[in-house]
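User: I'm new to reading protein models and would like a close look at a single part. Could you pick one spot and walk me through it, then show me how it fits into the rest?

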Amino acid sequence: MRVQDKVVVVTGAASGIGRAMALRFAEEGAAGILVADLDEAGAAAVAERIGERALAFRADVSVEDDVRAIVDTAERSLGPIGLFCSNAGIITGHGVEEASDEEWSRTLAVNTLAHVYAARAVIPAMVERGGGYLLNTCSAAGLVSCPGDAPYAVSKAAAISFAEWVAIHYRAKGIGVSVLCPQGVRTGMMREDLLEENLTARAVISSGALLEPEEVAGHVVDGLDAERFYILPHPEVAGFFQMKAGDPDRWLSGMSRFVESLAR
């Protein structure tokens, strides 16, 4: 999957990983890029930097009508979508006792259901055209949990499971799927955690290097080129995942001790 001459949609593209991906896709020769975000001014700034190939669009990806509007606008103004990147995401920083029902609902809507809405909106036309590609930002938290943030861990794990389902059922119809699963990245979300000095931030800092969004975008381009399902900018995540799969009980015990050490 090469983005050259493709129309690409990136959600959550006003900042962080989404912004870095949109700019990198422009460098790679994308024919058109729809920059979608709730932050309309931020999306417009990214689109302006890219130039006439880009279009900014304000959308709330937790609302299915908004996601359909993203797709309709992109296909009407830029052309058939070749790559849809469901990148928008949110955190809570709360555990099972602190997270409210509203936080659970909002997090699942943005981090999981938005991927479902995107797939519903783009897959039929992609299949009819003979192919297309979905890139879903799911986080290492979806593979190996997330100390301190229960809604985030659960929603990201569900997002990976959904992506697997799509890959299983639509690969033979020409639909490619990748999940982007970075660990610590210097984004606005990460800065919020660091400022609060919460358990999630301490866990991320203790687990590996913090990458710049531009580094992650480079891994995305390489992963798409190889059409890898798991795109892992932090190689240690693969090792963590293998430990979990190889001996789940030992992994759970180790994670429990890790969380206890962070809480001291």
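Analyst:
**A close look at some rings**

Let's start with Y230, which is partly exposed, with a relative accessible area of 26%. That label applies because 26% falls between the 20% limit for buried and the 50% limit for exposed. Keep in mind that this is a predicted model.

What are the rings doing here? Searching the whole structure turns up 2 aromatic pairs. In one of them, F229 and Y230 sit edge-to-face, with 4.9 Å from centre to centre and 75 degrees between the planes. F229 counts as buried, because its relative accessibility is 17% and the limit is 20%. Y230 also pairs with F241: their ring centres are 5.8 Å apart and their planes make an angle of 65 degrees, so this pair is edge-to-face as well. If you wonder where the label comes from, planes over 60 degrees apart count as edge-to-face. Y230 belongs to strand β7 (residues 230–231) and F241 to helix α10 (residues 236–246), so their pairing ties together parts that lie 11 residues apart in sequence. F241 is partly exposed, at 29% relative accessibility. Put the ring pairs together and you get a cluster of F229, Y230 and F241.

There's one more ring to look at. K244 lies over the face of W251, at 5.1 Å from the ring centre.

Now let's step out from Y230 to its strand. β7 is part of an open sheet of 7 strands, ordered β3-β2-β1-β4-β5-β6-β7 and paired in parallel. β7 and β3 (54–58) are the edge strands, each with a single partner, so one side of each has no neighbour in the sheet.

Also worth a visit is H219, in helix α9 (residues 213–226). Apart from neighbours within four places in sequence, H219 is in contact with I231 and P233. H219 is partly exposed, with a relative accessible area of 32%. How far is H219 from G82, measuring between C-alpha atoms? The two are separated by 19 Å and are 137 residues apart along the chain.

Further along the sheet is β4, whose 6 residues are buried, 6 of 6, so you can think of this strand as mostly covered. What joins β4 to its partners? Strand β5 (residues 132–137) runs parallel to β4 (residues 81–86), with 4 bridges between them. Within that pairing, C85 stands opposite L135, and L83 has Y133 as its bridge partner. Strand β1 (residues 7–11) is also joined to β4 by 4 bridges and runs parallel to it; there, V7 has I81 as its bridge partner.

I81 turns up again in the largest nonpolar core, which has 43 residues: I70, I81, F84, V122 and L134 touch the most other members. The biggest contribution to this core, 10 residues, is from helix α4 (residues 101–129). Take L134 as an example: setting aside neighbours within four places in sequence, its contacts include L83, F84, A119, V122, I123 and M126. Another core lies apart from this one, with 33 residues, among them A20, A22, A43 and V46.

A20 and A22 bring us to helix α1 (residues 16–27), where they are among the buried residues, along with others including G16, I17 and F25. Of the 12 residues in α1, 9 are buried, so the helix is largely enclosed by the rest of the structure. From its first C-alpha to its last, α1 reaches 17 Å, close to the 16 Å expected at 1.5 Å a residue. G29, which follows α1, has a positive phi, near 95 degrees.

That leads to a last detail about backbone angles. Most residues other than glycine have a negative phi. Which serine sits in the loop between β5 and α5 (141–144)? It is S139, and its phi is positive, about 75 degrees, although S139 is not a glycine. S139 counts as buried, at 8% relative accessibility. S145, in the loop between α5 and α6 (150–170), also isn't a glycine and has a positive phi, near 70 degrees. S145, though, is partly exposed, with a relative accessible area of 37%.

So, back where we began: the rings of F229, Y230 and F241 are linked into a cluster, and Y230 lies in β7, an edge strand of the sheet.

Notes:
Residues numbered from 1 in each chain as written. Predicted model: local features only at pLDDT ≥ 70, side-chain atom pairs only at ≥ 80, totals over all residues. Heavy atoms only, no water. Phe/Tyr/Trp six-rings, centres within 6.5 Å; stacked < 30°, edge-to-face > 60°. Buried < 20%, exposed > 50% of the residue type's maximum accessible area, 1.4 Å probe, protein only. Helix = DSSP H or I, 4+ residues; strand = E, 2+ residues; numbered from the N terminus. Lys NZ or Arg CZ within 6 Å of the ring centre and 35° of its normal. Core = buried A, V, L, I, M, F, W, Y, C linked by side-chain atoms within 4.5 Å. Contact = heavy atoms within 4.5 Å. Pairing = 2+ DSSP bridges. Expected span 1.5 Å × (residues − 1).
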